[in-house]
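Hello,

Here is the structure I promised to pass on to you. Have a look at it first, and then read my notes underneath.

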Amino acid sequence: MAKEMNKLKEKVRNLPTTPGIYLMKDQHDQIIYVGKAKQLRQRVRSYFQKNSSHSNKVLRMIFNIHDLEIIEVDTELDALLLECQLIQQHHPMYNRQMNQFSKYNYVTVSKQGFSISSEPSDKSFGPFRLYKKLPVICEILSELYQMPWINYISRLKLENQFSLMSEISLEIRIQEIAAFFSGKEATYQLRMQQWLDQLLSETQFEQAQVVSQHDLQLQHFFKQVQDIQHFIEKKKKIFSLPLSEAPDRLKYYQLAYGQIVHTAVLNKTDTFTPIEFSARRTPLTSERLDPLLILIAYIKKTSEKE
């Protein structure tokens, strides 16, 4: 065991300082962990140094590492996307995120109620990664719109708190809920404000505080849905990142409908020429969701630094 560990440490000492992916393997040559790094040598070396902050999970993984493999890439973004792809492909036991599509759920709304499922249908919305929050979001929307499937006593109480909702047809309520889950319209914000206004006018301050908290939960959820929808509707977006080992060179990315369709590494003085891309937007799937969120977050992070 000590001999194998020394061999691994020697391998780590010779790793490059470029961005990339590292794949930890067990004695059966199975990939047990996929990680990313802006600087491979520094990141991988941290596993084999004494560190009191290592969790028990990390310590168990280190004990089972018998070999490692690396893949060098051009940029940190490439590392993030490749890590996601390899986790989805190999399902390593020590990776939790981006590893279980069953936790990415879809929502369907009808006159009978909400339905949450890991499989899409013609009328469902999603996928949503915040699967633990979906039942809560559905419950808040049910109360806001005073849907017929909620408890009779609860609905009477809600009708007293927000009497305007009774004037809105069930069809319109379902349409507004659908607009919420599709990220197209924020009509729910108007309804929330109307509910709060009535509560405050009747000095129901404690209930108003509860509704305000519910409003924040809906806002957070809707913002992520809206960001995704806006991103996948763009026909063309181009941005560039410097290469860590060659800062005088840039890697250009051309995106269409939320996917990378073309890349090129050029000198800073060169001009990037985008390709013609006529493919239409395709339905969002669980497999595409994580890469999409990586792109959205990374582009947002880099634009804020500029």
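Leaving aside its neighbours within four places in sequence, which residues is Phe114 in contact with? Before I answer, please keep in mind that this is a predicted model. The residues that Phe114 touches are Val107, Thr108, Val109, Cys138, Leu141, Ser142, Trp149, Ile177 and Phe181. You will find Phe114 itself in strand β5, which covers residues 113-117. Its relative accessible area is 22%, so Phe114 counts as partly exposed, the cut-off for buried being under 20%. For a sense of distance, try Asp248: it lies 134 residues from Phe114 in sequence, and the two C-alpha atoms are 54 Å apart in space.

Next, please turn to helix α8. This helix runs over residues 187-201, 15 residues in total. From first C-alpha to last it reaches 22 Å, close to the 21 Å expected at 1.5 Å a residue. Just after α8 comes Thr203, which has a positive phi, near 55 degrees.

Which residues of α8 are buried? They are Thr187, Tyr188, Arg191, Met192, Trp195, Leu196, Gln198 and Leu199. A bit of background may help you read that list: an α-helix has 3.6 residues a turn, so residues three or four places apart point the same way. The buried residues of α8 pack against four helices: α5 (134-144), α6 (152-161), α7 (170-182) and α9 (205-232).

Let us take α5 with α8. These two helices pack at an angle of about 60 degrees, and their axes are 11 Å apart. That angle makes α5 oblique to α8, and their crossing is left-handed. On the α5 side, Ile140, Glu143 and Leu144 take part, and they meet Tyr188, Arg191, Met192 and Trp195 of α8. Sorted by class, this contact has 5 nonpolar residues, no polar ones and 2 charged ones.

Helix α5 also packs with α9, at an angle of about 120 degrees and with the axes 10 Å apart. Here too the angle makes α5 oblique to its partner, α9. The crossing of α5 past α9 is left-handed. From α5, the residues involved are Leu134, Val136, Ile137, Ile140, Leu141, Glu143 and Leu144, while α9 brings His214, Gln217, Leu218 and Phe221. By class, that contact has 8 nonpolar, 2 polar and 1 charged residues.

To tie things together, look for Leu141: this residue is on the contact list of Phe114, and it is also one of the α5 residues that meet α9.

Enjoy exploring!

Best wishes

Technical notes
Residues are numbered from 1 along each chain as its sequence is written. This is a predicted model: local features need pLDDT of at least 70, side-chain atom pairs count only at pLDDT 80 or more; totals for chains, interfaces and linings use all residues. Side-chain values use heavy atoms; hydrogens and water are left out. Buried means under 20% relative accessible area, exposed over 50%, partly exposed in between (1.4 Å probe, protein chains only). Contact means heavy atoms within 4.5 Å. The expected span of a helix is 1.5 Å times one less than its number of residues. Axes are lines fitted to C-alpha atoms, for helices over the stretch in contact, and angles run from 0 to 180 degrees between N-to-C directions. Angles under 35 degrees count as roughly parallel, over 145 as roughly antiparallel, 65 to 115 as roughly perpendicular and the rest as oblique. A crossing is left-handed if the near helix is turned anticlockwise from the far one by less than a right angle, and right-handed if clockwise. Ala, Val, Leu, Ile, Met, Phe, Trp, Tyr, Cys and Pro count as nonpolar, Asp, Glu, Lys and Arg as charged, and the others, Gly among them, as polar.
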